[in-house]
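Let's take a walk through this structure together, one stretch at a time. Keep the 3D view open and follow along as we go.

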Amino acid sequence: MNLLLSLLEAIGLVTPAAERHVADTGDDADDGSAATPYRTIAKAMSDAAALPAGRRMVVKVSGKHTESLTLRADVTIEGPAELQAASPGPAVRILGTAATRLTGVELRDLKIRGARPYTGHGGAVLVERAGNLTMERCELHDSDAGRGGGLAVLDSLNVKLRSCQVRGNTAATPTTLDGADIVPSLTLPSGDGHGGGVYLRDSDVEITACDVAENQAILFGGGIAVSNSVRPEAKVEIVDCEVIANQVSHPPLTPLGATLTGRRADMGDPVHEAFSDVALSEENERKVVSLLHGMNFESGLGGGIAVRSATGTRV
């Protein structure tokens, strides 16, 4: 394929991609070549913004970087490299608009981590109104969000994850539910806590040969949550993946004689704890919590994968 592309470029049928190099030992005052790389990915992105529409920018990155990036269309970022968000929220945002999807982004061989505290969507990577996006051999890890602790994909088309790892992420925390008051105001928690590893909403997504492990969600989909209320026919395929040791809130495991194994501690049932009230008996507390099912405040649905309003999902 690379040979074919080179031939097409040689005869002028394809415009060659621009290329920049970034290293944690580089300098943004240099020219971004392999010999004298830039220091930041942001500097390479500023060069990409100056390219004609449709011309690709390939950014080859090495080392460890602390940046919060909003990418443009037709950009490839290749590692191996580590990227940590510089401010609370995702390290990478891929955002289109209601009028125009942002297309053609490729991420490869990157270890990506967001920064806490953050209660929005997509703790490490946020994709919204995008198309033709590919992530290969990336690791999204140890990040927090309201929905999609590692990754959130919203209203997007043709998104592909291949051979990625999504580990140790959290969708909402017990503090999200603090202060929930049953009597007399019936104040409810925010409803966040969906998709500890990955949250997909109204999007066409293929997840192939990925590991989704050790993620937690308070309410729905400890590993992966799919919620397609607007586009129930959205095509979601989860193929040849290992989805293990993820958690949603749950009653004590002791009566089952079960032991939780894995890197992360047992999260227990923070939803029930949040609705604890001295004015109610234990039995009535559980009844109140059970009434919340179907109202977006579930206590522990889908420890591995949870699917709602989705007719086009295949696992």
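A good place to drop in is Arg162, which stands opposite Thr208 in strand S17. Before going further, bear in mind that what you're looking at is a predicted model. Now for the strands around that spot. S13 (residues 157-162) and S17 (residues 205-208) pair in the parallel sense, with four bridges between them. S13 is also joined to strand S9 (residues 130-136), again running parallel, this time by five bridges. Across that second pairing, Met135 stands opposite Leu161 in S13.

Leu161 is worth a pause. Leaving out residues up to four places away in sequence, Leu161 touches Met135, Leu151, Val205, Glu206, Ile207, Thr208 and Cys210. So what is the size of the largest nonpolar core, and which residues have the most contacts inside it? That core has 51 residues, and the ones with the most contacts inside it are Leu71, Ile77, Val92, Ile94, Leu107, Val125 and our friend Leu161. Apart from it there's another core, of 11 residues, including Leu219, Ala225, Met267 and Ala306. As a general rule, nonpolar side chains in soluble globular proteins tend to be buried together.

Next, let's follow a sheet. Seven strands make up an open sheet with parallel pairing, and the order across it is S3-S5-S8-S12-S16-S20-S24. S3 and S24 (305-308) stand at the edges with a single partner strand each, so one side of each is left without a neighbour in the sheet.

Zoom in on a few of those strands. S12 (residues 151-154) pairs with S16 (residues 198-201) over four bridges, in the parallel sense, and there Val153 has Leu200 in S16 as its bridge partner. S16 in turn pairs with S20 (residues 224-227), also parallel and over four bridges. Two places to look at here are Tyr199, which stands opposite Ala225 in S20, and Arg201, whose bridge partner in S20 is Ser227. That same Ala225 is one of the residues in the 11-residue core.

Now swing over to helix H2 (residues 41-49), where the buried residues are Ile41, Ala44, Met45, Asp47 and Ala48. Looking down the axis of H2, you'd find these buried residues within an arc of 155°, so they line one face of the helix. What do they pack against? The answer is a group of strands: S1 (18-23), S2 (57-66), S3 (69-70) and S4 (75-84).

Asp47, in helix H2, might catch your eye. Asp47 has a relative accessibility of 16%, and because buried means under 20%, it counts as buried. Setting aside neighbours within four places in sequence, Asp47 is in contact with Arg20, Tyr38 and Met57.

Our next stop is a loop. Ala172 is found between strand S15 (170-171) and S16. Is Ala172 buried or exposed? At 8% relative accessibility, Ala172 counts as buried. Beyond residues up to four places away in sequence, Ala172 touches Ala145, Gly146, Asp192, Gly193 and Ile218. Ala172 and Arg147 are 25 residues apart in sequence, yet their C-alpha atoms are 7.0 Å apart in space.

Last, a word on rings. How many aromatic pairs does the structure hold? Zero. There is a ring with a charge over it, though: the charged end of Arg308 sits over the ring of Phe220, 4.2 Å from its centre.

Definitions and conventions: Residues numbered from 1 in each chain as written. Predicted model: local features only at pLDDT ≥ 70, side-chain atom pairs only at ≥ 80, totals over all residues. Heavy atoms only, no water. Core = buried A, V, L, I, M, F, W, Y, C linked by side-chain atoms within 4.5 Å. Buried < 20%, exposed > 50% of the residue type's maximum accessible area, 1.4 Å probe, protein only. Contact = heavy atoms within 4.5 Å. Phe/Tyr/Trp six-rings, centres within 6.5 Å; stacked < 30°, edge-to-face > 60°. Lys NZ or Arg CZ within 6 Å of the ring centre and 35° of its normal. Pairing = 2+ DSSP bridges. Arc of directions from axis to C-beta.
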